[in-house]
Amino acid sequence: MAYINLLPWREETEKARQREYFTMLTLVSAVALLIVFSVNQFYQMHIDGQNARNQFLQNEIQLLDLRIAKIKSLNEKKKELKKRTSVVEQLQRSRNVVTQVLDEIAKVVPNGIYLTGLEKQDNSLNIIGKSESNNHLANMIREIERSDLFEDAILESITSNDAKSKLLSDFKMRVRIKGLINSNESSQQGAP
């Protein structure tokens, strides 16, 4: 008699194939997920490393900015100190100016000129006096221009008064003193 297998072997084989297919599919999916996760972790590690380096550079840049600001403030203080030092040096050089001016006045005033007043305003000197002739004034101006201490002699006025002596004429002259700073400039430069 013929042997007939009535058991559902085809269904069992198909179920076994399906189990094998799903097992392989699960295994491939797990491997694919593992690869994707590994690649993601690799790139994330590089991104985190780069972010850490960027943060380090940002911190160093901030420190350098602070140092630069400190250096700028120190440079400003240095400039201010240099200004003050130069003002002190100029004042030191000009402290004996009064005696030098009087000495130089004695040298540049020729015979025939009589001084009646001297007024100092900042770095200029107003000379008021009487002259026997205009030639004497011209000689005085030439001497002032040759002087090491005076410059820019400007004769402001010459007047002759007929009521008084006809021999003498009044004059007013302004002279600038070389190397002397203005008191306004020194107070402005010396102010902090």
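This is a short tour of a predicted model, stop by stop, with something to select at each one.

**Stop 1: the whole chain**

Start with everything on screen and colour by secondary structure. You should find 4 helices and 4 strands, and walking along the sequence gives you the pattern α-α-β-β-α-β-β-α. The chain has 192 residues, and 18% of them count as buried. If you switch on a surface, you are looking at about 15,300 Å² of accessible area, with 57% of that belonging to carbon and sulfur atoms. How much of the contact list comes from residues 24 or more positions apart? Among contacts with a separation of 6 or more, the share is 61%.

**Stop 2: colour by confidence**

Now colour by pLDDT. The chain averages 85, and 89% of the residues score at least 70. Which elements of the chain have the highest and the lowest mean pLDDT? Select residues 9-93 for the top of the list: that is helix α1, with a mean of 94. Then select residues 183-190 for the bottom: helix α4, with a mean of 45. Stretch that last selection to 183-192 and the pLDDT is below 50 throughout, though this stretch still has 13 contacts in the model beyond near neighbours in sequence. A word of caution for spots like this: where pLDDT is low, predicted coordinates should not be read in detail.

**Stop 3: a pair on helix α1**

Go back to α1 and show the side chains of Glu80 and Arg84. They form a salt bridge, with the closest N and O atoms 3.7 Å apart. Both residues sit in helix α1, 4 residues from each other, or about one turn of the helix. Glu80 is partly exposed at 25% relative accessibility, and Arg84 is partly exposed too, at 32%. In general, side chains of opposite charge can pair when their charged atoms come close. This is one entry in a longer list, as a search of the whole structure finds 7 salt bridges.

**Stop 4: helix α2 and its two faces**

Select residues 97-108. This is helix α2, 12 residues running 16 Å from the first C-alpha to the last, close to the 16 Å expected at 1.5 Å a residue. Show Val97, Val101, Glu104, Ile105 and Val108 as sticks: these are the buried residues of α2. They cover an arc of only 110° around the axis, so they lie on the same side of the helix. What covers them? Add β1 (113-121), β2 (124-131), α3 (134-146), β3 and β4 (169-177) to your view, as these are included in the cover.

Now spin the helix around. The face turned away from the buried side carries the exposed residues Thr99, Ala106 and Lys107. Stay on Lys107, which is exposed with a relative accessible area of 55%. Its side chain meets that of Asp103 in a salt bridge, 3.7 Å from N to O. Lys107 and Asp103 are about one helical turn apart, because they are 4 residues from each other in α2. Asp103 is partly exposed, at 43%.

**Stop 5: a buried serine in a loop**

Select Ser147, in the loop between α3 and β3. Is Ser147 buried or exposed? Its relative accessibility is 5%, so Ser147 counts as buried. Leaving aside residues up to four places away in sequence, Ser147 touches Glu104, Val108 and Lys178. Glu104 and Val108 should look familiar: both are among the buried residues of α2.

**Stop 6: strands β3 and β4**

Show the side chains of Arg174 and Glu156, which meet in a salt bridge at 3.2 Å, N to O. This pair links distant parts of the chain: Arg174 is in strand β4 and Glu156 in strand β3, 18 residues apart. Arg174 is partly exposed with a relative accessible area of 35%, and Glu156 is partly exposed at 38%. Next, add Glu151, Asp152 and Arg176, which are joined into one network by salt bridges that share partners.

Finish on Asp152. It lies in strand β3 (residues 150-160) and is partly exposed, at 41%. Check its backbone as well: phi of Asp152 is near 50°, a positive value in a residue other than glycine.

Terms used. Residues are numbered from 1 along each chain as its sequence is written. This is a predicted model: local features need pLDDT of at least 70, side-chain atom pairs count only at pLDDT 80 or more; totals for chains, interfaces and linings use all residues. Side-chain values use heavy atoms; hydrogens and water are left out. Buried means under 20% relative accessible area, exposed over 50%, partly exposed in between (1.4 Å probe, protein chains only). Contact means heavy atoms within 4.5 Å. Accessible areas come from the Shrake-Rupley method with a 1.4 Å probe; for residues, only the protein chains shown count as cover. pLDDT is the predictor's confidence in each residue, from 0 to 100. The expected span of a helix is 1.5 Å times one less than its number of residues. The arc is that of the directions from the helix axis to the C-beta atoms. A salt bridge is a side-chain nitrogen of Lys or Arg within 4 Å of a carboxyl oxygen of Asp or Glu.
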